[in-house]
Amino acid sequence: MKKQLMNIIVASLIITILIGLFPTNTQAATQKIDSKISNIDNKKYPGIKSMIQALQKQHSNWSSDVCSSDLTCGNKGYSGSSWLCASSNAIAYMMDPRNSLYYEDIFQFLELSYDVNSKYDTSIIKNILKDTFLDDGNIDTYTNTIITRCKEKNVNPYYIAGKIIQEQGTKGGSTWKMKVTENDKTVYYYNIFNINACGSTTSAILSNALMWSKAKGWDTIVKCLNGGVDFIANGYITVGQDTMYFEKFDVIADSYYAHQYAQDVLYAQNQGEKLRRILESINATEYAYTFVIPLYENMPASACPRPTAALTTNNSDNNSTTNNST
């Protein structure tokens with residue numbers, strides 16, 4: 001796939017299609033604007049148009065802004081062998097957007113940059129945080145912090161609120177914090193986004209994440225929220241990785257294929273599903289959302305099939321990491 005050109009099609013709130021060619025040997029992209037989803041070439045991108053149109057018909061407020069033989073690397077392990085190398089078929093299956101253009105999986109393509117035309121509802125963010133570790137009497141402060149910082153840094157605040165819950169595992173989860181004594185005082189450092197949570201053992205994962213937050217000086221939840229939004233904005237959204245799909249499958253950033261938020265091949269699908277379930281729980285799935293659907297040249301006529309072996313993962317949401325090329 002590294003030898004192929006890649007086309008990215010974005011359907012915006014006004015159903016504008018953005019087509020960009022990304023040759024692997026250049027850092028720049030040329031772009032062309034087309035105003036109609038109907039102009040998608042079925043021969044070049046088989047099946048995509050009809051699937052997007054079906055989703056739009058089912059959800060009127062939404063808009064829609066290469067298979068190979070199964071090569072494997074055997075049982076090669078990562079992180080103490082608890083994670084195994086993904087096969088070519090598994091990667092092709094997860095990367096082929098036609099396998100995910102359904103209501104259940106579509107939120108992995110949610111646009112993560114801030115939409116100036118959207119009126120983000122503070123009550124939705126507050127409802128996402130309700131009954132979590134952030135519902136500690138300061139939920140209004142945390143909600144306003146998210147809204148303000150996301151607008152400043154061009155980040156979708158719904159995504160940030162949902163990501164907090166995703167990274168902590170459950171709605172009732174507790175934030176990662178490290179207790180230390182400094183100048184005879186007890187100080188806590190927070191890392192609720194699990195940044196730099198990597199390592200070969202659970203204790204190493206926890207230690208690396210919390211030492212990161214200590215180095216950043218995140219000794220309050222507000223500092224952690226602001227710093228986490230900055231990290232995601234500067235590291236991913238500003239370089240074009242503005243969906244969960246692109247956070248995992250780096251076909252956008254200058255460092256092609258190497259800049260991923262997490263190791264898990266199912267990361268984008270799992271995180272999108274969790275966000276969808278959170279939005280379902282507060283009856284917020286039918287708001288106006290924009291989805292960015294990637295298209296690739298030389299796509300096969302039909303979607304890449306699910307591997308014959310079980311597509312399983314040893315995933316823990318605490319295994320998020322940065323620039324971890326696997």
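Me: What makes up the chain in terms of helices and strands?
Reply: The chain has nine helices and eight strands. They're DSSP runs numbered from the N terminus: H or I over at least four residues for a helix, E over at least two for a strand. This is a predicted model, where local features need pLDDT of at least 70, side-chain atom pairs count only at 80 or more, and totals for chains, interfaces and linings use all residues. Residues are numbered from 1 along each chain as its sequence is written, and side-chain values use heavy atoms, leaving out hydrogens and water.

Me: How do you know that α5 has the span it should?
Reply: The expected span is 1.5 Å times one less than the number of residues. For the 12 residues of α5 (residues 157-168) that gives 16 Å, and the end C-alpha atoms are 17 Å apart, so the two agree.

Me: Why is α5 called largely enclosed?
Reply: Buried means under 20% relative accessible area (exposed is over 50%, partly exposed in between; 1.4 Å probe, protein chains only). In α5, 12 of the 12 residues are buried, so the rest of the structure largely encloses this helix. Its cover includes α3, α4, α7, α8 and α9.

Me: What does I164 in α5 touch?
Reply: Contact means heavy atoms within 4.5 Å. Leaving aside neighbours within four places in sequence, I164 is in contact with L129, F133, L134, I146, I192, F193 and L225.

Me: What makes N156 a cap for α5?
Reply: A polar contact is a pair of N or O atoms within 3.5 Å, one able to donate a hydrogen and the other to accept it within protein; residues adjacent in sequence count only if both atoms are side-chain atoms. A side-chain oxygen of N156 lies 2.9 Å from the backbone nitrogen of Y158, at the N-terminal end of α5.
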